[in-house]
Amino acid sequence: RGTALQPLFKVSYSCSKVGDPHPGQPYKGGNFRAFLPDNPAGLKTAKLLRKAFERGLTFQIKSCNGEERVTWAFIPHKTSWDGGKARNGYPDPQYLHEVSTVL
């Protein structure tokens, strides 16, 4: 196993907006970590993920047990360095291709 890039996304607590499940309601933010291989393809993917984050495409607000909270949106992220595809981890030889297609 090689080294990894570990982008960290910090989402503040705030109020939801029009288009969210319950506009004007407070929601819980959080810290979200992803994993990418530390190689040219991983760096390229990191740049694309950053653009997606800046455009508001990385997270969504969902209602869970009567509470609004931030969750990952539809762009796939590896949230573990191991465990395979079934656990959002590596090894997953198709991940960089799949996420690049989505981005």
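Buried, as used in these legends, means under 20% relative accessible area, and exposed means over 50%. Please keep in mind throughout that this is a predicted model.

**View A. The two faces of strand S2 and its pairing with S5.** Here we zoom in on strand S2, which runs through residues 8-11. Its covered face carries Phe9 and Val11, while Leu8 and Lys10 sit on the uncovered face. Alongside it, strand S5 (residues 30-33) pairs with S2 in the antiparallel sense, over four bridges. To find your way along this pair, start from Phe9: its bridge partner in S5 is Phe32.

**View B. The largest pocket and its lining.** This pocket has a volume of about 340 Å³. It is lined by 16 residues, and those closest to its centre are Val11, Lys17, Tyr27, Phe59 and Ile61. You have already met Val11 in the first view, on the covered face of S2. Both S2 and S7 supply at least two residues of the lining. The largest share, three residues, comes from S7.

**View C. Gln60 and its surroundings in strand S7.** Staying with S7, we now turn to Gln60, which lies in this strand (residues 59-64). A polar atom of the Gln60 side chain lies 3.2 Å from the backbone oxygen of Trp72. Leaving out residues up to four places away in sequence, Gln60 touches Arg69, Val70, Thr71, Trp72, Ala73 and Phe74. Trp72 is thus worth picking out here, as it appears both in that list of contacts and in the 3.2 Å pair with the Gln60 side chain.

**View D. His77, a buried residue in a loop.** His77 is found in the loop between strand S8 (67-72) and helix H2 (95-102). It counts as buried because its relative accessible area is 8%, which falls under the 20% cut-off. A polar atom of the His77 side chain lies 2.9 Å from the backbone oxygen of Ile75. Beyond its neighbours within four places in sequence, His77 is in contact with Phe9, Ala34, Leu49, Thr58, Trp72, Asn88 and Tyr95. Two of these names should look familiar: Phe9 belongs to the covered face of S2, and Trp72 is also touched by Gln60.

**View E. The span annotated in UniProt.** For a wider look, this view shows residues 14-101, which an unreviewed UniProt entry annotates as "domain: Deltex C-terminal". The C-alpha atoms at the two ends of this span lie 31 Å apart. Helix makes up 25% of the span and strand 25%.

Definitions and conventions: Residues numbered from 1 in each chain as written. Predicted model: local features only at pLDDT ≥ 70, side-chain atom pairs only at ≥ 80, totals over all residues. Heavy atoms only, no water. Polar contact = N/O pair within 3.5 Å; in protein donor to acceptor, adjacent residues only side chain to side chain. Contact = heavy atoms within 4.5 Å. UniProt positions renumbered as here; feature names shortened; annotations may be inferred. Buried < 20%, exposed > 50% of the residue type's maximum accessible area, 1.4 Å probe, protein only. Pairing = 2+ DSSP bridges. 1 Å grid on protein atoms, 1.4 Å probe; cavity = no way out; pocket = protein on both sides within 12 Å on 5 of 7 lines; lining within 4 Å. Points joined across faces, edges and corners; volume = space filled by probe spheres on them.
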